[in-house]
Amino acid sequence: MDGTAESRPLRTSIWRVPHKVTLLATLNLPLTLRLGLVYTGASGGPLTYRVAGDANADGVGPDGFRLNDPAYVRRDANDLTLADPAEWPVLDSLIRSDACLERQRGQLVERNSCRLPWIHDTRARLTTV
C-alpha cells in the first residue's frame, strides 16, 4: 500500500473507461431486408504490473493467486541483479516496448497506471422489414 488507511492517495479506478465511441448504421436492402451495423470501441481497462509471490513480505500473495505487490521497473542492467544476467536484453526490450513501463523506470509501477489496448466490437443484424 502507498499510504496509511487515513491518508491514501487517490488512484485510477479499475472500472475507468475514459474514451468510448459507438457508431450505428442501418441500410434498407432489396427483398424487404434491412441490415444493421453497430461498432463500439473503448479504451482498454487499467492495469498494474505485479510480482508473483510476496515481494514486500506483507504476508499476502505467497500462494501465487493473490498478487498484490506492484512490480519494480529496472532503470538499467546494473539496477538489480537478475538470476541470469543474460536475460537483461529481453527484459529491457519488454520495458521499452511499453510506454507505461518506460516512464516508470526506477520505481514501483503505480496502481492502475497502465492500460490494455483498445477494445473493438462490431455486430451486424439482417432482418426482414
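**Close-up 1. The disulfide between Cys100 and Cys114 has a left-handed twist, with -75° about its S-S bond.** Please keep in mind as you look around that this is a predicted model. The two sulfur atoms of Cys100 and Cys114 sit 1.9 Å from each other. Cys100 belongs to helix H2 (residues 99-102) and Cys114 to strand E6 (residues 114-115), so the link ties together parts that are 14 residues apart in sequence. Are these two cysteines buried or exposed? Cys100 has a relative accessible area of 6%, which makes this residue buried. Cys114 is buried too, with a value of 2%. The count of disulfides in the model comes to one, and here you have it in view. As a reminder from the chemistry shelf, a disulfide is a covalent bond between the sulfur atoms of two cysteines.

**Close-up 2. Three strands line up as an open sheet in the order E1-E2-E7.** The pairing in this sheet is antiparallel. Which strands form the edges? They are strand E1 (20-29) and strand E7 (119-128), each of which pairs on one side only. Ignoring direction, neighbouring strands of the sheet are turned by 10° against each other on average. For anyone who would like a refresher, strands of a sheet pair through backbone hydrogen bonds, either parallel or antiparallel.

**Close-up 3. E1 and E2 make a hairpin with three residues between the strands.** In the turn, look for Leu31, which has a positive phi of about 65°. Beyond the turn, E1 and strand E2 (residues 33-42) run antiparallel and are paired over 10 bridges. Two cross-strand pairs make handy landmarks for finding your way along the hairpin. Leu24 is placed opposite Val38 of E2. Thr22 has Thr40 of E2 as its bridge partner.

**Close-up 4. On its way through the sheet, E2 also pairs with E7, again in the antiparallel sense.** How many bridges join E2 and E7? There are 10 bridges between them. Leu35 is matched with Leu126 of E7, while Ala42 has Ile119 of E7 as its bridge partner. Strand E7 has 10 residues and the number buried among them is zero, so this strand lies largely in the open.

**Close-up 5. Val21, Leu23 and Trp118 come together as a nonpolar patch on the surface.** Together these three residues offer about 280 Å² of accessible area. Trp118 is found in the loop between E6 and E7. With a relative accessible area of 43%, Trp118 counts as partly exposed.

**Close-up 6. Asp92, Arg96, Glu102 and Arg105 are joined into one network by salt bridges that share partners.** Let's start with the link between Arg96 and Asp92, whose side chains meet at 2.7 Å, N to O. Why are these two separated by about one helical turn? Arg96 and Asp92 are four residues apart in helix H1 (residues 88-97), and that accounts for the spacing. Their surroundings are worth a look as well: Arg96 is exposed at a relative accessible area of 57%, whereas Asp92 is buried at 12%. Moving along the network, Glu102 forms a salt bridge with Arg105, and their closest N and O atoms are 3.2 Å apart. Glu102 is partly exposed, at 32% relative accessible area, but Arg105 is buried, at 18%. In general, side chains of opposite charge can pair when their charged atoms come close.

**Close-up 7. Arg75 and Asp79 form another of the model's salt bridges.** The closest N and O atoms of this pair are 3.4 Å apart. Arg75 is partly exposed, with a relative accessible area of 48%. How many salt bridges does the count come to? The total is five salt bridges, and the Arg75 and Asp79 pair is one of them.

Note on methods
Residues numbered from 1 in each chain as written. Predicted model: local features only at pLDDT ≥ 70, side-chain atom pairs only at ≥ 80, totals over all residues. Heavy atoms only, no water. Pairing = 2+ DSSP bridges. Axes fitted to C-alpha atoms, helices over the stretch in contact; angles between N-to-C directions. Disulfide = S-S within 2.5 Å. Buried < 20%, exposed > 50% of the residue type's maximum accessible area, 1.4 Å probe, protein only. Patch = residues over 30% accessible without salt bridge, like charges linked within 9 Å, V, L, I, M, F, W, Y side chains within 5 Å. Areas by Shrake-Rupley, 256 points an atom, 1.4 Å probe, with all protein chains shown as cover. Salt bridge = Lys/Arg side-chain N within 4 Å of Asp/Glu carboxyl O.
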